[in-house]
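Q: Please take a close look at one part of this model, the arrangement of its secondary structure and the packing that goes with it. A single connected account would be preferred, with the confidence of the prediction stated where it bears on the reading.

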Amino acid sequence: MESHDGRADEPDEDGMNSAVSTLDTDLLAEDVRTAPASMNAFLAQVERRAFRMAELNLGHREDAMDAVQDAMLRLVKHYSEKPAQEWTPLFWGILRRRIVDLQRRRKVRSIMVGWLGGKDDDGEDLPAWEPADTGPGPLERLNDAQSYADMAAAVKLLPQRQREAFMLRVLEGLDVAETAQAMGCSEGSVKTHLSRALQRLRDQLEAWR
Amino acid sequence: MNAPDNHFERRARELYREASRQLDPAVVARLRAARRDALAKGDRSSLAHRLLQLLLPAGAFAAIAFVALFMSSPVQRPTTVKPAGASQVVDVDGELPPDAAAADPTLYQNLDFYGWLAKNSDSEASR
């Protein structure tokens, strides 16, 4: 059970550390990041993955686009003077907060619609929250579309913090410190959330093993 | 033990990267437009920010200078009527007769004495 402040209990710290260090040495070594030459280059490099991440979290393309657009604007406006090495955790942190904001807003809206019985003051139907974009899309053109869809479905079932840790650490390849900075928690919490996320995903995606 | 776990994570990342590469061209175009828009707005914002940074100290300095100037300028006090005895009228030209109102009143009180003195001094001189 996760605590409310985003920190989790940290049992089996040694096991988690070994798993994380394995991730560091084996998985991340293949993807050594270099500082981007410009803000434009950085955003061009991350924008597609940012969209995928937002889409996985929000399950809605327009919201994902809004989140990415807003994250890009905020990074440029407030952090373009920062060293390029800091842009990565800053950007993913901004995007994470934006996603959380949108999820909260969506929740409030659905509650309001429920209270009002789906009608406004004039008795007209309120605009319903659009369901997740489940129609045929570009994913179907991928060879691994089904695998990605399975993974996306499993990731969506994870608790929020575990999902964030998995996406930032494993999918995006941030190191523990960067992930902690982006998530606004301690490195120990990142390891805990990640360990639990991996455990759940492995259980759900048994066929991959 | 690590190999299959590592395979799982590697596979997840490959799928994520591949899905990102294979995004719908329309979405890619919108992302590109959003990036350009963000950069343009950011440039304008940072330009305004720099201008503000430049103008703020200048404006503050101007305001302080204005206040200092205002404080140091002589205050125009209303002229008060001083007691006649305390006044000392300086006749700049030296040709005009003294102002009767401002002159020493004892001069007018002893006019007879001064007239007698002048008369006597004239008769003394004629002898």
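A: Read from the N terminus, the elements of chain B follow the order α-α-α-α, that is, 4 helices and 0 strands. The model is a predicted one, and the predictor's confidence therefore belongs beside this description, pLDDT being its score for each residue on a scale from 0 to 100. Chain B has a mean pLDDT of 76, with 68% of its residues at 70 or more. Within chain B, helix α2 (residues 25–72) has the highest confidence, at a mean of 83, whereas helix α3 (residues 105–109) has the lowest, at 71. For the complex, the predictor reports an ipTM of 0.71 and a pTM of 0.61. Of the 127 residues in chain B, 9% count as buried.

In chain A, the buried share of its 209 residues is 36%. Chain A is likewise described by helices, 8 of them, and 0 strands, in the order α-α-α-α-α-α-α-α. Among contacts in chain A with a separation of 6 or more, 62% join residues 24 or more positions apart.

The interior of chain A can be followed through its largest nonpolar core, which has 53 residues. The members that touch the most others in this core are A:A54, A:V68, A:A71, A:L95 and A:F166. Helix α2 (residues 39–58) of chain A gives the most to the core, namely 10 residues. Leaving aside residues up to four places away in sequence, A:A54 touches A:A64, A:A67, A:V68, A:L95 and A:I99. Two of these partners, A:V68 and A:L95, are themselves listed with A:A54 among the members touching the most others.

A further packing site in chain A involves helix α7 (residues 176–183) and helix α8 (residues 187–204), whose axes come within 8 Å and cross at roughly 95 degrees. Angles of 65 to 115 degrees count as roughly perpendicular, and α7(A) and α8(A) are therefore roughly perpendicular to each other. By class, the residues in this contact are 5 nonpolar, 1 polar and 2 charged. On the side of α7(A), the participants are A:V176, A:A177, A:T179, A:A180 and A:M183. They meet A:E187, A:V190 and A:K191 of α8(A).

How values were computed: Residues numbered from 1 in each chain as written. Chains lettered and ligands numbered in written order. Predicted model: local features only at pLDDT ≥ 70, side-chain atom pairs only at ≥ 80, totals over all residues. Helix = DSSP H or I, 4+ residues; strand = E, 2+ residues; numbered from the N terminus. Buried ≥ 20, exposed ≤ 12 C-beta atoms within 10 Å, placed from the backbone. Contact = placed C-beta atoms within 7 Å. Core = buried A, V, L, I, M, F, W, Y, C linked by C-beta atoms within 7 Å. Axes fitted to C-alpha atoms, helices over the stretch in contact; angles between N-to-C directions. Parallel < 35°, antiparallel > 145°, perpendicular 65-115°, else oblique. Nonpolar A, V, L, I, M, F, W, Y, C, P; charged D, E, K, R; others polar.
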